[in-house]
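Here are my notes on this one, written so you can follow along with the model open. Have a look at it, then work through the points in order.

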Amino acid sequence: MSFISNDKKKSLRNKILFSSIAVLLLLAVVLGTVSVYVVDKLSSTNSNKVMTQLCEKEAYRFDNKLNLVKHSVNIINEYANELQYLNGITDVYSDEYEQRIKDFSIAVANQTSGALAVYFRYSPEVTGSGTDGFFWTRQSNSDEFAETEITDILSYNSSDVGHVGWFYIPKETGKPLWMTPYYNQNLDVFMISYIIPMYQDNGEFIGVVGMDIDFATILSETKDIDIYESASVAFVDLKERISYSSDNNGAVESSKLSNALYNHISTINKFSELLEIGNSDGSTSVICCEKLSNGMMLYVNVPKSEIDSNRNFLMMLCIIITVMIFIVSIIFISKRTSQIVYPLEKLTEITKHYANGDWSGQYISNTDDEIENLSESISQMAKNTQKYIEKLNALALTDALTGIGNKTSYLEMTKNIQNNKHDNFNEYAVVALDLNLLKKTNDTYGHECGDILLREASRYICQIFEHSPVYRTGGDEFVVILYSDDYRRREELLSRFEKGLNYPIEGIPSTNLSIAFGMAEHSSDNPDYESVFELADERMYRKKAEMKNLRQK
């Protein structure tokens with residue numbers, strides 16, 4: 001009888017042990033799956049953020065070089081204009097006037113990093129000569145500027161960009177400009193130039209002043225961009241549909257953009273986000289772009305497999321750690337089965353809640369051993385996972401800059417409206433809004449001021465339409481969906497909105513809040529949401545044109 005009893009005890013012990021192992025396996029699978037999921041989401045978000053920030057950083061670095069040259073040319077131009085009055089020089093074609101500009105220009109050019117040449121050329125239509133003015137270039141052996149043989153403007157046709165495009169193009173446009181990258185046949189260098197046409201007070205065209213940058217040197221610096229090992233970097237001219245990169249010898253390579261790549265880059269430029277594209281070999285690449293001050297785009301292409309490599313490593317590490325914890329726990333449970341049955345039952349119960357998405361429950365064992373540590377770890381992991389999930393949900397639906405709904409939440413709302421999932425939207429109106437002056441603010445005062453302008457616009461829109469959902473659907477685009485009381489008071493609210501505009505923005509010099517808007521109502525003529533929005537958007541663009549005309553008067 002005693003033998004039978006012992007045998008039964010042994011059988012019961014095995015059953016308890018096997019049950020405990022099964023519970024632990026379930027726990028490991030649940031936590032491993034959740035960990036892998038969280039790592040996947042967070043790693044993807046972090047990788048995109050890192051790539052975007054690096055792209056912005058490099059664009060800023062190249063912009064500094066361009067802006068330094070632009071600033072130097074502006075200084076020379078301002079000096080040339082003021083020289084007529086401050087020093088009593090009334091003849092802009094005199095040797096004294098030219099000499100002073102030359103001395104000043106060379107001094108400025110010597111302090112301008114990246115400048116290859118500086119010049120001031122008179123118009124041959126006035127002087128009768130195509131060689132009047134000066135042309136100095138930086139010498140590679142001394143890094144100082146020296147006088148260089150002047151190109152005779154009259155010896156070439158005005159359409160000859162390689163020889164005299166730097167003179168005729170700014171003359172024809174009549175305003176300062178960055179020239180599209182071109183091969184300067186006078187210096188045998190591929191370059192970009194910033195040039196300002198000069199005029200007297202009476203409107204007479206004097207000539208041009210400008211600086212050149214060795215474009216090949218700038219392109220060669222893209223080799224030093226440390227983003228990813230397999231990343232390819234290029235400069236893109238969307239207007240000409242051409243991309244420029246540096247070959248292994250440092251020379252300029254140019255290629256025509258395909259229609260697909262042009263559309264991809266245009267989409268990124270419009271929405272300021274990363275884009276995944278499929279390659280002909282079946283692989284996938286992630287591309288990002290940043291606009292430069294000369295109108296070109298810094299283009300970065302990275303294989304998605306390389307971006308995902310860190311994520312895959314972390315996911316594998318999570319799986320290995322989970323497996324190791326599982327194995328260690330089996331050994332421990334086999335030695336102290338009778339002491340851990342109750343804690344395991346509680347842990348099994350709480351993990352079932354976790355598996356069903358309920359992270360509110362917590363359990364910490366008081367056994368004063370590894371089980372207590374395990375229960376504490378599970379509890380903390382649940383808390384962390386819950387925080388991560390809440391954070392991911394918030395990030396998925398909220399615009400990070402303004403705190404209002406982003407395009408994802410906007411599309412979700414419009415889908416629900418289309419499917420009649422909201423009873424409150426039997427009657428509704430759509431207000432399409434577009435923030436004016438954002439690009440000018442970014443270009444003039446920097447993106448930090450642009451962010452201030454976006455946040456202020458968001459605050460003002462939410463203040464007026466405080467009972468309706470507000471979304472930021474693009475860089476400077478917002479949408480408000482009016483319903484219930486706001487719908488019935490829509491004309492009053494829109495009037496208040498328009499009257500309250502044009503107030504100065506704190507932190508941004510000489511800038512008032514200006515927002516174009518258009519509203520359309522859901523009706524029999526516009527039975528679905530898309531038609532309502534298109535009508536509101538059309539009215540907004542008409543309003544935007546009116547506001548632009550008023551600003552130009």
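1. How much area does the protein expose, and what share of it do carbon and sulfur atoms supply? The protein exposes about 29,500 Å², and carbon and sulfur atoms supply 50% of that. Keep in mind as you read that this is a predicted model.

2. Now for the overall make-up. The protein has 15 helices and 17 strands. Of its 553 residues, 44% are buried. Take the contacts with a separation of 6 or more: 58% of them link residues 24 or more positions apart.

3. On to the inside. The largest nonpolar core has 49 residues, and Met51, Tyr97, Ile101, Phe120, Met211, Phe215 and Phe235 are those with the most contacts inside it. Helix H1, residues 2–86, gives the most to this core, with ten residues. Another core, of 29 residues, lies apart from it; Leu433, Phe465, Ile508 and Met519 are among its members.

4. Zoom in on Phe120 from that largest core. Leaving out residues up to four places away in sequence, Phe120 touches Tyr97, Ile101, Asp132, Gly133, Phe134, Met198, Ile206, Val208 and Val209. Tyr97 and Ile101 also appear in the list of residues with the most contacts inside the core.

5. Helix H10 is a nice one to check by hand. It covers residues 407–418, which makes twelve residues. At 1.5 Å a residue, H10 should span 16 Å, and its end C-alpha atoms are 16 Å apart, so the two agree.

6. Which residues of H10 are buried? They are Ser409, Tyr410, Met413, Thr414, Asn416 and Ile417. Looking down the axis of H10, these buried residues fall within an arc of 160 degrees, so they line one face of the helix.

7. Don't skip the two ends of H10. At its start, a side-chain oxygen of Asn406 comes to within 3.1 Å of the backbone nitrogen of Thr408. Just after H10, Asn420 takes a positive phi of about 55 degrees.

8. Last stop: Pro527. Is Pro527 buried or exposed? Its relative accessibility is 54%, and the cut-off for exposed is over 50%, so Pro527 counts as exposed. Pro527 sits in the loop between strand S17 (515–521) and helix H15 (529–552). Along the chain, Pro527 and Gln418 are 109 residues apart, yet their C-alpha atoms are separated by 9.8 Å.

Note on methods:
Residues numbered from 1 in each chain as written. Predicted model: local features only at pLDDT ≥ 70, side-chain atom pairs only at ≥ 80, totals over all residues. Heavy atoms only, no water. Helix = DSSP H or I, 4+ residues; strand = E, 2+ residues; numbered from the N terminus. Buried < 20%, exposed > 50% of the residue type's maximum accessible area, 1.4 Å probe, protein only. Contact = heavy atoms within 4.5 Å. Areas by Shrake-Rupley, 256 points an atom, 1.4 Å probe, with all protein chains shown as cover. Expected span 1.5 Å × (residues − 1). Arc of directions from axis to C-beta. Polar contact = N/O pair within 3.5 Å; in protein donor to acceptor, adjacent residues only side chain to side chain. Core = buried A, V, L, I, M, F, W, Y, C linked by side-chain atoms within 4.5 Å.
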